[in-house]
Amino acid sequence: MKKKSKTKDEKQWLNKLSEFGCCICKRYHDVIGAPPANIHHIREGVGLGEKSSSYLCIPLCHYHHQSGPAGKAFHASPKQWIKAYGKESEMLEWVLDNL
């Protein structure tokens, strides 16, 4: 199956999210010079091997996305991450309210 290219609007949206900063540690790129956030595609309601829309993403620093320990990094333990920080959909709602 051929991978669908992102539209100009999708690219702009993802760049805006990345520049916003991590929605967990609230590190804003412009304020403290932190690197841009990683884009995390929300897993809620998505089947195995599928990726959510580019508009159903949240910005996470590398630590909270992939490199932190279980309970701190989503990909280390999604269940523990959700228990610690809340549902991905709640994070998305917060980001949309604060962008």
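The following paragraphs describe the fold, the helix packing, the aromatic pairs and selected residues of a predicted model.

The chain contains five helices and two strands. Along the sequence these elements follow the pattern α-α-β-β-α-α-α. Of the 99 residues, 35% count as buried. The accessible surface of the chain amounts to about 6,600 Å², and 53% of that surface belongs to carbon and sulfur atoms. When contacts between residues at least 6 apart in sequence are considered, 47% join residues at least 24 apart.

Packing between helices was examined for helix 1 and helix 5. Two packed helices are described by the angle between their axes and the distance between the axes. Helix 1 spans residues 8-20 and helix 5 spans residues 88-98; the two pack at an angle of about 90 degrees, with axes 12 Å apart. Helix 1 is therefore roughly perpendicular to helix 5, because angles of 65 to 115 degrees fall in that class. Helix 1 contributes Trp13, Leu17 and Phe20 to the contact, and helix 5 contributes Trp94, Val95, Leu96 and Asn98. By class, six nonpolar residues and one polar residue make up this contact of helix 1 with helix 5, with no charged residues.

Valine 95, a residue of helix 5, is one of the participants in that contact. Its relative accessible area is 0%, so valine 95 is buried. Beyond residues up to four places away in sequence, valine 95 touches Leu17, Phe20, Cys23 and Pro59. The C-alpha atoms of valine 95 and phenylalanine 20 lie 8.6 Å apart in space, although the two residues are 75 apart in sequence.

Aromatic pairs were searched for across the whole structure, and four were found. Phenylalanine 74 and tryptophan 81 form an edge-to-face pair, with 5.2 Å from centre to centre and 80 degrees between the planes. The assignment as edge-to-face follows because the angle between the planes is over 60 degrees. Ring pairs also link Phe74, Trp81 and Tyr85 into a cluster. Phenylalanine 74 has a relative accessibility of 3% and therefore counts as buried. Tryptophan 81 is likewise buried, with a relative accessible area of 0%.

Phenylalanine 74 is also among the residues touched by histidine 40, which is placed in strand 1, residues 38-41. Histidine 40 has a relative accessibility of 1% and so counts as buried. Leaving aside residues up to four places away in sequence, histidine 40 touches Leu56, Cys57, Ile58, Leu60, His65, Phe74, His75 and Glu88. Histidine 41 also lies in strand 1. At 16% relative accessibility, histidine 41 counts as buried, because the limit for that class is under 20%. With the same exclusion of residues up to four places away, histidine 41 touches Lys51, Ser52, Ser53, Ser54, Leu56, Cys57 and Glu88. Leu56, Cys57 and Glu88 are thus among the residues touched by histidine 40 and are also among those touched by histidine 41.

Two further residues, proline 36 and lysine 83, were considered with respect to accessibility and C-alpha separation. Proline 36 is placed in the loop between helix 2 (29-32) and strand 1. With a relative accessibility of 44%, proline 36 counts as partly exposed, since this value lies between the 20% limit for buried residues and the 50% limit for exposed ones. The C-alpha atoms of proline 36 and asparagine 15 are separated by 8.8 Å, with the two positions 21 residues apart along the chain counted as their spacing. Lysine 83 belongs to helix 4, which covers residues 78-85. Its relative accessible area of 77% means that lysine 83 is exposed. Lysine 83 and glycine 71 are 12 residues apart along the chain, and their C-alpha atoms are separated by 7.8 Å.

Key
Residues numbered from 1 in each chain as written. Predicted model: local features only at pLDDT ≥ 70, side-chain atom pairs only at ≥ 80, totals over all residues. Heavy atoms only, no water. Helix = DSSP H or I, 4+ residues; strand = E, 2+ residues; numbered from the N terminus. Buried < 20%, exposed > 50% of the residue type's maximum accessible area, 1.4 Å probe, protein only. Contact = heavy atoms within 4.5 Å. Areas by Shrake-Rupley, 256 points an atom, 1.4 Å probe, with all protein chains shown as cover. Phe/Tyr/Trp six-rings, centres within 6.5 Å; stacked < 30°, edge-to-face > 60°. Axes fitted to C-alpha atoms, helices over the stretch in contact; angles between N-to-C directions. Parallel < 35°, antiparallel > 145°, perpendicular 65-115°, else oblique. Nonpolar A, V, L, I, M, F, W, Y, C, P; charged D, E, K, R; others polar.
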